[in-house]
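Please read the following report alongside the sequence and the coordinates. The topics are the chain pairing, the contacts across the interface, and some local backbone features.

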Protein chains: 2
Amino acid sequence: MKRILLISAAGLMVFVAGCQSTAPLDSEADVIVAQLQQDALSSDLAWDILASLTSEVGPRMGGTEADKLAVKWAVKKMRKLGFDRVWTEPVKFPRWIRTSERAEVFYSVPPEPLAADASEMEKRHYEKSRQKKPLGQSLAITALGGSPSTNGPVEAELVQFDSLEALESASAEEVQGKIVFISTKMRKTRQGLGYRETVVMRSRGPFVAASKGALALLIRSVGTDTDRLPHTGMMSGSEPGERVPSAAVSNSDADNLMIMLAGEGSVVVRMNLDVGFAADKYTEDSVDDYEEGESAEATSFNVIGEFDGSGDLAEFILIGAHLDSWDLGTGAVDDGAGVALVMAAAKMVSELPVRPRFGIRVVLFANEEQGIYGGKAYAKLHELELSSHVLGAESDMGADRIYSFRTRVSAQAEPLIARLAKHLGKLGIERDESSLASGAADVGQMRKLGMPVIDMKQDATRYFDLHHTANDTLDKVNPDNLRQNLAAWVTLVYLTANSTTLFGPVDPSE
Amino acid sequence: MKRILLISAAGLMVFVAGCQSTAPLDSEADVIVAQLQQDALSSDLAWDILASLTSEVGPRMGGTEADKLAVKWAVKKMRKLGFDRVWTEPVKFPRWIRTSERAEVFYSVPPEPLAADASEMEKRHYEKSRQKKPLGQSLAITALGGSPSTNGPVEAELVQFDSLEALESASAEEVQGKIVFISTKMRKTRQGLGYRETVVMRSRGPFVAASKGALALLIRSVGTDTDRLPHTGMMSGSEPGERVPSAAVSNSDADNLMIMLAGEGSVVVRMNLDVGFAADKYTEDSVDDYEEGESAEATSFNVIGEFDGSGDLAEFILIGAHLDSWDLGTGAVDDGAGVALVMAAAKMVSELPVRPRFGIRVVLFANEEQGIYGGKAYAKLHELELSSHVLGAESDMGADRIYSFRTRVSAQAEPLIARLAKHLGKLGIERDESSLASGAADVGQMRKLGMPVIDMKQDATRYFDLHHTANDTLDKVNPDNLRQNLAAWVTLVYLTANSTTLFGPVDPSE
């Protein structure tokens, strides 16, 4: 009751202040949104959920024990938050294992040339130092997801290419028997544009290197930082054919390699990756190494929680994030923040005295990182009932400030989108009409089947400093930015779940 | 000859431009300094020396094979740069070895309390989950230099203190049998003031923890970054008595631990440090593990190079830096930059058509990190001839912009210091008269014996982000800032080496 009174009082003030506007306010919903934003901007709810996930679970790579723990955590947390129903749906995928990874570089600078009148002793000394194996420098590397094992150390000359295209143009002779190094630098932009430009090194590099007879691949990290923390990430699973053992070096190490490669000496790298798909790792010969829980196929779960709407309708909006993370950091930014935001937004909106018309379904997707397994499984299972999903949205770009949103909805939703734009505008968020929303990785699977979607776009300037590294930890999340995100999400959730019109149909192929 | 003409031409311009100044210019030296600064501001010499060190040698902890390589590198480089004489002086110290280090935290959140009417099955499930060992989260740690080995894993409850003082005030009961965690955060300032405030955790913590019966010590890294790269560094070697195995966690991990410690669950840490002084590591029982080159006492070398002056005098100025680094990064910032700067400054000044009156001695000190061994050995060996050292200066705070300088010289040097201030002012460097120069760690050993010193103070804002971490690599050095440093050093070297008055005597005890 106290809450209703508070909202009414605040509502009056907002309504009066709003009278200067030319467009008439549809008072009640606007008042509720204003109050929700205000509450979100001083709420610790998303932070508390996120801190609980990163401290109680931490890193949670798909298929690991920690992944199972994350599923349990999510079910428990949703129940505690009072979701009307909580359930899980199994998601299967090939198990990939990282046991250890290590690399060194040996840079041997040739000795000063011998003088013509060198003595026998000088000559022997020269020959000795020319043949001496140099000391190695340890490289900060991490295996790429999907990489096979090196099966013990591989050691070979390093051959460098500026880009994947350059490697593609190389002759087999240039590459055969060597370790390939692709060194493209990712640029930093608010939209994260550099990612698409450079991630091909990671997704396709291992296959191209294999096709030319390379022993292994080293790539400069797909990341914009200068920390000695390499960026992992999946190589493309859909690419046919052979792949070489592959790893990323930190940007700092890549710079050091470039200095060596520009010098006069030889550059040799030794790499030892004990990683691989369980199916390849445990053959009949090594059955003794086989441990329980390391079967070739792993099972995880999409965790789903639902708040009913007030409209007694079968329809709901779907908001999602992925529950898994890579194994190097605690996945606070990718995608713990998204998990916390969608759970907190659903909770806040559902605590209103009168809930919105449609239900709110929160989906925490399994194993996005290794191939969007959760999103694909959800789309497959729910394909025939997708018409009940009136709209979808996903948070999977950290928790720095949301600066724009874009839509993929039908024309009749325009009045609601205009209202959404007005309210998001108060949070510094502009409507972007230059392109259609994608739904991001997981929710995008349903968009492809025709579900309308809205994207909330976070500032990605800092995102790719942290992405897929050990540095993806809670201290990188700015609590005020997280609250701005939450304010945007409660706005989106309330207005769209309370819509009196539908958002589709949309053309998924555009 | 070409060079002389160029300088003369430039000199004329500077002289004319300088006529607006009220103080009359002592034309020739001023012209030379102006030209030296200009040359330094476009020089790649310091960068090239530094890149050579970090690519050809890399990490070079005192007593390691890489330390030996660094000594060879320095001798070779000095010869190549044309120093008039190059020699080494042995420095002995106890060998400390880092083999491996690893820690995990186990945070067990208690299950939801049982309902009064819980079934037998629920009770069994509750008991099972209450007793289940939680999954561990890996902690980014690094052993502190001087730490003993844990001799296998130690595992115990973590007990946290805000500061060393708080630990000192704790009763033995609070600490006994536990792993102590000291969590003081270092603040970031241009002067690096936070270091002195927090380094006591590292220097004295291991001894205080031992005195209270702790099993081991974990400290928040003495560093101002938020990277998951812990900061190593020596515990105080002079402290008497027992020390516990000790490590630093990254700031990110420290934050995660603080969240766990604030929660309701128990926080247990398992630590496994295979480190220690060789003297303790290889006992009679483990003689089989003993490898060549791992004797209890290690020998390294101060590497010394000298350019003669034009004055046919026995006196010289001494400029120094330390050649060793910690083992985690390539020591580009600490203290590769200093090594490169003093070598490059000496070289540039000695290439002048007329060299300064006094000689220039460059000393690259051995093993500063583990106890200022090189500085102390130099002071001891050269104590009786210290009067030939007219002035000393050291570069050991990275290579961000020098913003001030301070002196410890006699009053009769004031005219020269005023001229130095005028020229350094052009590089944005102010004279700091609020305190006397210290000579920094190594050169400070000779200051204590009465050698006059000047300190060039770099902006330390970023320095303690990188200090003693894997992140101390060449990409962190800004080439323009390095050139500004070089311009300051050539100014200092030329003016002081060309002085017609002496800088002493000074009172070393002030």
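How many residue pairs in polar contact does the rule find across the interface of chain B and chain A? Across that interface the rule finds 18 such pairs, with both residues at pLDDT 80 or more, where a polar contact is a pair of N or O atoms within 3.5 Å, of which, within protein, one must be able to donate a hydrogen and the other to accept it, residues adjacent in sequence counting only if both atoms are side-chain atoms. On the side of chain B that touches chain A, α3 (45-56), α4 (65-80) and α10 (251-262) of chain B each supply at least two residues; helices here are DSSP runs of H or I with at least four residues, and strands are runs of E with at least two, numbered from the N terminus. By class, that side of chain B has 14 nonpolar, 11 polar and 11 charged residues, with Ala, Val, Leu, Ile, Met, Phe, Trp, Tyr, Cys and Pro counted as nonpolar, Asp, Glu, Lys and Arg as charged, and the others, Gly among them, as polar.

The model is predicted, so that local features need pLDDT of at least 70 and side-chain atom pairs count only at pLDDT 80 or more, while totals for chains, interfaces and linings use all residues. Residues are numbered from 1 along each chain as its sequence is written, chains are lettered from A and ligands numbered from 1 in the order in which they are written, and side-chain values use heavy atoms, with hydrogens and water left out.

Chain B is superposed on chain A by a rotation of 180 degrees with 0.0 Å of shift along its axis, at an RMSD of 0.1 Å, the fit being by least squares on the C-alpha atoms of residues with pLDDT of at least 70 in both copies. The two copies are thus related as by a two-fold rotation axis. In this pairing, 36 residues of chain B are in contact with 37 residues of chain A, contact meaning heavy atoms within 4.5 Å. Because 100% of the interface residues of chain B are also interface residues in chain A, the copies meet through the same surface.

Between them, chain B and chain A bury about 2,600 Å², 55% of it on carbon and sulfur atoms; buried area is the accessible area (1.4 Å probe) that two parts lose on being put together, summed over both. In chain B, the residues that lose the most area to chain A are S55(B), L135(B) and R228(B), together 21% of what that side buries.

The rule finds 2 salt bridges across the interface, a salt bridge being a side-chain nitrogen of Lys or Arg within 4 Å of a carboxyl oxygen of Asp or Glu.

| Salt bridge | N to O distance |
|---|---|
| K80(B) and E112(A) | 3.6 Å |
| K80(A) and E112(B) | 3.6 Å |

The pair of K80(A) and E112(B) runs from helix α4 (residues 65-81) of chain A to the loop between β2 (96-108) and α5 (120-131) of chain B.

As for the backbone, a cis peptide bond with omega of about 0 degrees joins G504(A) and P505(A), and the bond from G504(B) to P505(B) is cis, with omega near 0 degrees.
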